Amino acid sequence: MNRSNPKKFRVKSFGCQMNVYDGERMSEMLVDQGMSSAADGEDADLVVLNTCHIREKAAEKVYSDIGRLRGKDGKSPMIAVAGCVAQAEGKEISRRAPSVDIVVGPQAYHRLPELIERAKTGKKAIDTDMPAASKFDILPTRKKQARPTAFLTVQEGCDKFCTYCVVPYTRGAEISRPWADLVNEAQALVDGGVKEITLLGQNVNAWTSEDDKGKLQGLDGLIRALDGIDGLERIRYTTSHPNDMTEALIAAHGEIPALMPYLHLPVQSGSDRILKAMNRSHTTQSYLDILARMREVRPDIAISGDFIVGFPGETDADFEDTLAVVREANYAQAYSFKYSPRPGTPATVMDDQIAPEVMDERLQRLQALLNEQQYDFNKLALGRRTDILLERNGKLDGQLVGKTPWLQSVHIIAPELAIGDMVDVTIESAGPNSLQGKMTRREAA
Ligand code: SAH
Ligand code: SF4
Ligand code: F3S
C-alpha cells in the first residue's frame, strides 16, 4: 500500500444508480490521471467510498467500511469518502473517522485529482461545494466500456422535498444537462461498445432542455433523438416521479420500439392521507390513472415501484390501503423499505412515529405480496420467445446471463456466445428472481 503516492485505486459505490454512474466517471478520471484500477484481491493505494445517505443503515455503513480498510500492518490506504454521506456530514466524517483523507460531495468530484494532491502532503482535503460550473464540463469524455449496458445521468437533484427524504439536501436543486452534451455522451458510449443506455435522474422525467434547433424538449424528445443513434438497441430511464409523467412520454412507449417496456414509478404509500403528509403531491388515483394509460399504450409494460412502510402516523387502515394499491397496480418488481428518520427532514419531528415491530410486520406482509406478484410476472414468460442482451458470465461453465426487455435476468448455457450479444431465446423455466432459457431453434428454411 502506498498512501503517500497512490497509483492503484478502487471505487466502491453504494446506493442508487446515479452513484454507480458517478463512480464510473470518477474511475475514468483517475485512469486519465495515470492511475490504474486495482484488480480483484489486489491492495489499492486509494479507496473511494461512494456513499449513500438515504436510510440510516446505509449512512452508518461507511464507518464500518472505513474500519475494515485497515491492513494487517495497521495501515490504511488513502481513503476518500464521496457521495451523499460526504455531502450531508462533511467535516464531521474526518472527526469520527480520522483515517479519512478526503471528503468530496457529489457535485464536486471532478476536483478529486486536486484533493488527492493535497492529501499527499498529509493535509485533510474537504470539498462539499455545489459549484455553479458543472462537473460534466470538466470530466474527461467517456472511454471504451467493459459492458454492453451503461448509465447516463441526464438530470440531477430534486426540488420536490418529500418530507422523509435527504436527496434535495445531498444532491441539491434540480438541473437538466444540456441536449448536445447528452447526445454526444450517448454517441461516445455507443462508439465504446454500448448497446443499451439507461437514462438516469432523481426525477428523470422532469428533464427538459432546448434541442439543437432551440426547441424546448422533454424526456420523450431526448429518447427520440437517442433512438436515432446507430447501434443503440435499447433505451431505459429511471427514476420517474408521477407528477412529471407527461402524456408525450407515455405515448413514446407506444411508438419507439427501442424504448423498453418497463416503468419504475414509485408511489410510496397507498393512503392519500399519508401521501399528503409525505408531500408527494400525487394521489393514489392519479397514480393508478397513469398506470392504466401506460397499459393502454403498451399492454405488456412491466411496472416497478418503491414503498415506505411505517411513515409517522401510518395506521393499520393506511397500510391496508397500500396493499390495495399494490393489488391493483400489479408489480413486476418493487423495492420496499421501513421508514428511516433522517436528520434535518420534516418527518423526523412528526408525531406518531411507528414502533419498529409494527414496521417489521408491515414490511413482511408487503414484501410477501410483492414477491408473489414478481413470481407471477416471471411465470407469464414461460414458453415465450424474446430477445435478451447478454451482460455477464454466469456461475456455471459456458453460462451467460442476459436481460429481457422487461428487465428479468435470464440464464442460458451457450459457450458459443459472448457478452454483448443480443440473442433470441425461448424461456423454459421461471423462478421468483430469474428465468432460464435456451436459444430459439431456427426452423430449417
Ligand atoms: N426520486 C425517487 C427516489 C429516490 S430515493 C422518487 O421520488 O421516487 C429511493 C427510494 O428510497 C424512495 O423512492 C423511497 O422509497 C426510499 N426512501 C427515501 N427516503 C427514505 C427514508 N427516509 N426512509 C425509508 N425509505 C426512504
Ligand atoms: Fe426524494 Fe421525493 Fe425527491 Fe424522490 S421526489 S428524491 S423521494 S424528495
Ligand atoms: Fe443514496 Fe444519494 Fe442516491 S442518498 S439513493 S446515493 S442520491
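**Close-up views of a predicted model**

**View 1. The residues around ligand 2.** In this predicted model, ligand 2 is surrounded by C158, K160, F161, C162, Y164, C165, V167, P168, N203, H241 and R280. Sorted by class, this shell is made up of seven nonpolar residues, together with two polar and two charged ones. Y164 and R280, both listed here around ligand 2, appear again in the next two views, where Y164 is named among the residues that come nearest to ligand 1 and R280 has a side-chain atom 3.3 Å from an oxygen atom of ligand 1.

**View 2. The shell around ligand 1.** There are 15 residues around ligand 1, and of these Y164, Q202, Q268, D306 and S340 come nearest. The shell divides into six nonpolar, four polar and five charged residues. Two strands, β15 (302-309) and β16 (333-338), each contribute at least two residues to the shell around ligand 1.

**View 3. Polar atoms beside ligand 1.** The backbone of Q202 places an N or O atom 2.7 Å from a nitrogen atom of ligand 1, and Q202 is also one of the residues that come nearest to this ligand. Two arginine side chains are shown beside oxygen atoms of ligand 1: a polar side-chain atom of R55 lies 3.2 Å from an oxygen atom of the ligand, while an N or O atom in the side chain of R280 is 3.3 Å from an oxygen atom of the ligand. Taken on its own, ligand 1 has 540 Å² of accessible area, of which the protein covers 89%.

**View 4. An open sheet of three strands.** The strands of this sheet follow the order β7-β10-β13 and pair in parallel. At the edges stand β7 (149-153) and β13 (234-238), each of which pairs on one side only. On average, and with direction ignored, neighbouring strands of the sheet are turned by 25° against each other. Strand β10, which spans residues 196-200, runs parallel to β13 and is joined to that strand by five bridges; within this pairing, L200 stands opposite T238 in β13.

**View 5. Two helices and the sheet.** Helix α1, formed by residues 17-32, packs on the sheet and touches β7, β10 and β13, with a direction that makes about 100° with that of β7. Helix α8, formed by residues 219-227, lies across β10 and β13 and runs at about 155° to β13. Strands β10 and β13 are therefore named in the contacts of α1 as well as in the description of α8.

Terms used. Residues numbered from 1 in each chain as written. Chains lettered and ligands numbered in written order. Predicted model: local features only at pLDDT ≥ 70, side-chain atom pairs only at ≥ 80, totals over all residues. Heavy atoms only, no water. Near = heavy atom within 4 Å. Polar contact = N/O pair within 3.5 Å; in protein donor to acceptor, adjacent residues only side chain to side chain. Areas by Shrake-Rupley, 256 points an atom, 1.4 Å probe, with all protein chains shown as cover. Helix = DSSP H or I, 4+ residues; strand = E, 2+ residues; numbered from the N terminus. Nonpolar A, V, L, I, M, F, W, Y, C, P; charged D, E, K, R; others polar. Pairing = 2+ DSSP bridges. Axes fitted to C-alpha atoms, helices over the stretch in contact; angles between N-to-C directions. Contact = heavy atoms within 4.5 Å.
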